[in-house]
Amino acid sequence: MFERLKPHFPWITLFALAGIVGAANPSFFNPGGLALLVSDIVPLFIMALGMTFAIYIGGIDLSVQQIANMVTVIATVFLAPLGIGVAVVAIAAGLAFGAAAGFVTSRMYVPSFVSTLALGFVALSIAKWLSGQRALSMDAAMREESFAWMFGVTAGVPHEMVIAAALLAFAWFLQSRTRFGRALKAVGAGELAAVASGIGVDRVKIAAFAISGAFAAIAGLMFSVKLSGGDANLANGFLLLAIVAVLVGGTPLTGGVGGVLNTAVGTLIVMVIRAAMVYLEIDATQQQMVFGLVLIAAIALTIDRSKLRGVVK
Amino acid sequence: MYALEKVDKRFPGVHALKAVDFHVNRGEIVGLVGENGAGKSTLMKVIYGAHQPDGGRIAIDGRAVRFQNPRQAMDHGIGMVFQEQSLIANLTVMENIFLGFERQFTAYGVIDWRAMAAAARTELAKVRLDIDPATITSRLSFAQRQLVELAKVLTIEGRVDGDLVILLDEPTSVLARAEVELLFGIVRDLTKRASFIFVSHRMDEVLELSDRIYVMKDGAVVDVVDRADADADAIQHKMVGREVDKEYYREQKQKPHGGEVLASFEGVSLEGAFEDISFELRAGEVLCLVGTEGSGREAILRALYGLRRPTSGTVTVKGRPVTRFTARDGVGRGIGYLPRERKVEGIVAGMNVHENMTLAQLPKYSVGGVLRVAAERRMARDWIDRLGIKTPSERTDCAGLSGGNQQKVVLAKWRSGGSDIFLLDHPTRGLDIGAKEDVYEMIREMSDAGAGILLVADTLEEAIGLGHTILVIKDGRFRKRFDGTPGRKPSLYDLLHHMI
C-alpha cells in the first residue's frame, strides 16, 4: 500500500500544503499574488531542473549555487561589451564546469559530492576574483536592451513562467524521448547493467553534469538580470532549496526514478512552504532550519534502501 | 530434541512454508534439499531466528520457544554457518570468531588480546585448523574461512548449557573435493557435541553426509528419507515431480557443427585472472568452460566481450584481431553477454521490458538521437511471443518478472540485435526447472542457427549435457579439452579429476 502510494506523495503533499496555507490565508490563492510567487521561484526551479539530471543518475551536484554566483558576476561584468552574447558565455561556463565535474567523477572515480563541491569552490573563487569582492551593478541601458524581454508580461502571463515552462519541456523531452534520456535512466537504475550493455556510461555522466551546470548558469543569469547586478554571494541559499526541490519532488538520491516533472512539483512545494513561513512570520534567518529538516525527511522517505545494500557512510 | 510442528509462514503473495514438520535428533546430521524457491531458505531463517513463523510451534526438548532474532536463537544453542562468507575480511581470525562477544575478554572496556587468542585457539582446534588466531582473515583460503565460520558458530557451546543445532547453508559450494572431505570429517566428529542441518544443492554430498534427508517442494516437506533408503534419482524425482534424465539437456538435439571460426584466443593472459589461454569458438558450437569457482572462467568471458583488457595474447573476433576492449566494441562485433549476476548486470530493474531489450541497440531504435518507441515496442512484442516471455505487457518493469523471464529478456536483448556470439555465464543460476529447460532449448536453437556459444554452466552436468566441446580450466590455466559429442561425452569424474 505504502509502496503503491509512494509515487503520488509529491503532488498529494503539494495539494495538502497548498490547501492548508490557503485555508489559513485565503489571499494565498489570489491569482496576482500567486503569479508573483511562481515568478519569484523561477531561477531556483531552473537550477533544480538541472540538478535533477545529476541526482537521477545517482549523483549530486553541489556546485550549482557557486556556478550561479560566478555567472551573476560574469553577466554583470561582460554585459556591456557583449550584450546578449553574454548569455552564451555564461551558459558555456556552466556547461564547462559541469562537464569537468562529470569528467572528474566518471574518469577519475572521485564521487560527485566531492568533485562538484571542489569545483564549486573554484567557481566561487573565480566570482570573487572577477568581482574584486564587490557587489557590481549592471549597465542599466544594456540590461534593458538585452534582457528586458525576460521580465515582461504577455496576456497576464509573466515571461519568466514561459521561460520556465519552455526549459521544463526541453528537459522533459531530453529525459523521456531521446537516446540520451534512456541511457540516463539505465545509468540511474542499473549502472552495471548499462555498462554490460555497451552504453557509454562515462559520456552519459559527463553530459548529465554538464546539463546541471548549464541550467545552473541559466538560473544565475536570470537571477542576475532580475536583481540587475552580480556578486559572488548573490545566489547563496539556492543550493539547499534546489536539493530540497528535487528530493521532495520524488527523485531519490539513489537515482533511477522520478525526473523533471517531479522537480516541478517539488519546486512548487518549496514555494508553498516558503509562503507559509512568510504568513507564519518565521524569520528569514530561521527558514533554512526548516528546509534542512524537510530535506532530511524527504531523503529518508524517498531513498531506495535496497540499492544501498544496507551500507551508508 | 529440536522440533518444528506445523510451522507456517506467509509473505505477501507467497505461502512460503505450509505446515512444515521438521525435527533434529541429538547428534544427527539432517539433510535438507529442494529446488530454488521450495522454501529451504525460509525454513532455515525460521530455525535460526531471522523469521518468526505465523503458525505452528517450535520446541526444544519439548518446551516451546520463540525467537525474536538470531541472537536469541544462539542463546538457545542454534547457530548458522552462512553460505556467503559472513566473516569480515580485514579483521583477524580471533576478532571474527568473537565478534559481538568480546565482553568475556574485556576489563573496563579494554580487550585482553592474549586471553582472546588462547580462547580462539581452542575454538580453532575443534575444527582442526592450525593457524595463528591473529592472522588477517583475508589471507585465508576459502576452505579455511569456511572452517573459521564453523569455529565461530561453535563458540555458542561455551555460552549454552543445552545441545547445539548448527545449520550449514551450502558450505561446500566454494570448496574443492579434498576440502569437502575435510569438512565432512570435522562435521562427523562434531556430532558428539552438536546436531547439524545440512543444506546443499549437491545431491551426492547430501547423500554422503546426512543421516536423514528432508525433501521440500513448494513450501512443504514432501518426503523424509533415511540414509539407508536414500536414492538420488528418487529424491530428485520428488523435488521436481518428474524424472531428470538425458533428455533434460536436449542431447538428442545436439547437432555436429562444422562452422567457421567466429572468435579465438591465442595465448591470452590477464594478470591475476588467467594465463596463456587458447581456444577457437566456431559457428554452431557450444563451448563450455569448466572449473571451480575463481578458476578464471568469468574473466575469459569478460575479456572476449571487451569488459576487461587482456595483458597479453591475441583475441580475434570474426577474423579481425581485437585492439579496443570496451563493451560497446564488443556489442559492435556482434557479441552478446549474459552475465552471471542477472539482477545486477543483466537487466536494469526499474526499466520495462522493451527498454531493457533495446538497451544495447539504441542507435538502431532512434533517429537523430530521438527514440522510436513504437518500433521498440513492436520488436519487444515480437520477442515476447517468440521466446514465450511471461509478462503482462512490454511496458512491465523487469524487476517484477520471474528469474527465467528476466533471463529471456536478456537473451532477447542480444538476439534481437543480431548477435551471433553468445557469452553465457551461469545462464540457469537461480532458475526453476521449467525455466532451465527453456534456457537449454534456446541454447540449442541458437547453436542450430549458427551462433557460437561460450558457456560457463551452472553445474557440471549442464556443461556435459550441452557442450560440443568442454575445456577444463584450473587456476586460470588450461588443463584439458574434452569432446562433447553424444556418446563420447566425458563423465563427471573425468572433469572433476582435472578441475581439482
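Begin with chain B, where the domain assignment gives domain 1 (2-243) and domain 2 (247-499), and keep in mind throughout the tour that this is a predicted model. If you colour the two parts separately, you will find that the centres of domain 1 of chain B and domain 2 of chain B, taken over C-alpha atoms, are separated by 35 Å.

**Helix α5 of chain B**

Now select Ala143(B), which belongs to helix α5 (residues 142-154) of chain B. Is Ala143(B) buried or exposed? With a relative accessible area of 12%, Ala143(B) is buried, because the limit for that word is under 20%. Show what surrounds this residue and, leaving aside its neighbours within four places in sequence, you will see Ala143(B) in contact with Leu175(B) and Glu179(B). Then draw a distance from Ala143(B) to Tyr2(B), which is 141 residues apart from it along the chain, and the C-alpha atoms turn out to be separated by 29 Å.

**A ring pair in chain B**

Before turning to single pairs of rings, note that a search of the whole structure finds eleven aromatic pairs over all chains. For one of these, move to chain A and select Trp11(A) and Phe15(A), an edge-to-face aromatic pair with 6.2 Å centre to centre and 80° between the planes. Both residues lie in helix α2 (residues 9-24) of chain A, where Trp11(A) and Phe15(A) are four residues apart, about one turn of the helix. Trp11(A) is partly exposed, at a relative accessible area of 44%, while Phe15(A) is exposed, at 58%.

Return to chain B for Tyr305(B) and Tyr337(B), whose aromatic pair is tilted, with 5.1 Å centre to centre and 35° between the planes. Which parts of the chain does this pair link? Tyr305(B) is in helix α10 (residues 297-305) of chain B and Tyr337(B) is in strand β18 (residues 335-338) of chain B, so that the pair links distant parts of the chain, 32 residues apart. Tyr305(B) counts as buried at 0% relative accessibility, and Tyr337(B) counts as buried at 1%.

**Charges over rings**

Stay in chain B and select Arg386(B) together with Trp383(B), where the charged end of the arginine sits over the ring of Trp383(B), 4.0 Å from its centre. Next select Lys480(B), which lies over the face of Phe482(B), at 6.0 Å from the ring centre.

**A buried glutamine**

Select Gln406(B) in helix α15 (residues 403-416) of chain B, a residue that counts as buried at 1% relative accessibility. With which residues is Gln406(B) in contact, leaving aside its neighbours within four places in sequence? They are Arg342(B), Lys343(B), Ile347(B), Cys398(B), Ala399(B) and Leu401(B).

**Two helices in chain A**

For the last part of the tour, go back to chain A and display helix α8 (residues 159-177) and helix α12 (residues 260-279), which pack at an angle of about 145° with their axes 9 Å apart. To see where they meet, show Leu168(A), Ala171(A), Trp172(A) and Gln175(A) in α8(A), and opposite them Val260(A), Leu261(A) and Ala264(A) in α12(A). The residues of this contact divide into six nonpolar, one polar and no charged. Finally, still in chain A, select Phe28(A), Phe29(A) and Tyr279(A), which ring pairs link into a cluster.

Methods. Residues are numbered from 1 along each chain as its sequence is written. Chains are lettered from A and ligands numbered from 1 in the order in which they are written. This is a predicted model: local features need pLDDT of at least 70, side-chain atom pairs count only at pLDDT 80 or more; totals for chains, interfaces and linings use all residues. Side-chain values use heavy atoms; hydrogens and water are left out. Rings of Phe, Tyr and Trp (its six-membered ring) pair if their centres lie within 6.5 Å; planes under 30 degrees apart count as stacked, over 60 as edge-to-face and the rest as tilted. Buried means under 20% relative accessible area, exposed over 50%, partly exposed in between (1.4 Å probe, protein chains only). A charge sits over a ring if NZ of Lys or CZ of Arg is within 6 Å of the ring centre and within 35 degrees of the ring normal. Contact means heavy atoms within 4.5 Å. Domain bounds come from an automatic or database domain assignment. Axes are lines fitted to C-alpha atoms, for helices over the stretch in contact, and angles run from 0 to 180 degrees between N-to-C directions. Ala, Val, Leu, Ile, Met, Phe, Trp, Tyr, Cys and Pro count as nonpolar, Asp, Glu, Lys and Arg as charged, and the others, Gly among them, as polar.
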